[in-house]
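Reader: I should like a close account of a single part of this model, namely the metal site, followed by the elements around it. Please state each cut-off once as you proceed.

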Amino acid sequence: MAGAACLAYYRFGVSKETAIANDPRQPFQITKTEAEWRARLTPEQFYILRQQGTERAGTSPLDQENRPGIYVCAGCEQPLFSSTTKYSSGTGWPSFYAPIDQATGTLEDFKFAMRRTEVHCDRCGGHLGHVFLDGPPPTGKRYCINGLALKFIPA
Ligand code: FE
């Protein structure tokens, strides 16, 4: 279930930014108005990061990116994931077994009678994807991340 379904139905959720708006750690270090985010991001990036959207599986070139480097937040450029934790999950979304320490936050998400854990950038609150418990060692976690939420910086 968690595999291919990953983020596919998330877009049909309730109000925009509900999960992030309820995050008790608000405010984030970086906050912008909707207009400021729209000016900074492409429409596709805005949909993912600020409206909790989901890109279609297999559409991100970062899913096939295997060079060493760092994946930073497309919203605020905070380093989020290292290539050393990236692996091929076969889901069609870039996948990592761990984030960079302190870089991401999580929030439980109960939409569609599924309990999932939403992952966002700890600095700007941008929605990244979800984390599941079917990943590889050493953590057993699968951070299933929208490529549009990331920018890759080769080492
Ligand atoms: Fe960010």
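Author: Along the chain, the donors of the iron ion are spaced as C-x2-C-x44-C-x2-C, donors being N, O and S atoms within 2.8 Å of the metal (3.2 Å for Na, K and Ca), with water not among the atoms, so that sites may look incomplete. Distant parts of the chain are thereby linked: Cys73 belongs to strand β1 (residues 69–73), whereas Cys124 lies in the loop between β6 (116–121) and β7 (127–132), and 51 residues separate the pair. Strands (E, at least two residues) and helices (H or I, at least four) are DSSP runs numbered from the N terminus. The model is predicted, so local features need pLDDT of at least 70 and side-chain atom pairs count only at pLDDT 80 or more, while totals for chains, interfaces and linings use all residues. Residues are numbered from 1 along each chain as its sequence is written, and side-chain values use heavy atoms, without hydrogens or water.

The coordinating atoms are the SG atoms of Cys73, Cys76, Cys121 and Cys124, at 2.3 to 2.4 Å from the iron ion. Because these four donor atoms subtend angles of 100 to 115°, the arrangement is tetrahedral, a label that requires all angles to lie between 85 and 135 degrees. For four tetrahedral donors the ideal angle is 109.5 degrees. The structure holds zero disulfides, a disulfide being a pair of cysteine sulfur atoms within 2.5 Å.

How exposed or buried are the ligands Cys73 and Cys124? Both are buried, that is, under 20% relative accessible area with a 1.4 Å probe and protein chains only (exposed is over 50%, partly exposed in between). Cys76 also counts as buried because its relative accessible area is 8%, and Cys121 does so because its value is 0%.

Strand β1, which carries Cys73, takes part in an open sheet of three strands in the order β2-β1-β9, with antiparallel pairing. Its edge strands, each paired on one side only, are β2 (79–82) and β9 (150–154). Three bridges join β1 to β2, where pairing calls for at least two DSSP bridges. Within that antiparallel pair, Ile70 stands opposite Ser82 of β2.

Ahead of β1 in the chain comes a loop that starts from α4 and contains Gln52. Phi of Gln52 is near 55°, a positive value in a residue other than glycine, and Gln52 is buried because its relative accessibility is 4%. In α4 itself (residues 43–51), the buried residues are Gln45, Phe46, Ile48, Leu49, Arg50 and Gln51. Their cover includes α3 (34–40) and β7.

Two further loops deserve mention. Gln102, in the loop between β4 (95–96) and β5 (104–109), likewise has a positive phi, near 65°; Gln102 is exposed because its relative accessible area is 71%. Between β7 and β8 (142–145) lies the loop that holds Pro138, and a cis peptide bond with omega of about 5° joins Pro137 to Pro138.

Notes
Four donors count as tetrahedral if all angles lie between 85 and 135 degrees; four count as square planar and six as octahedral if opposite donors are over 155 degrees apart and all others between 65 and 115; anything else is irregular. Contact means heavy atoms within 4.5 Å.
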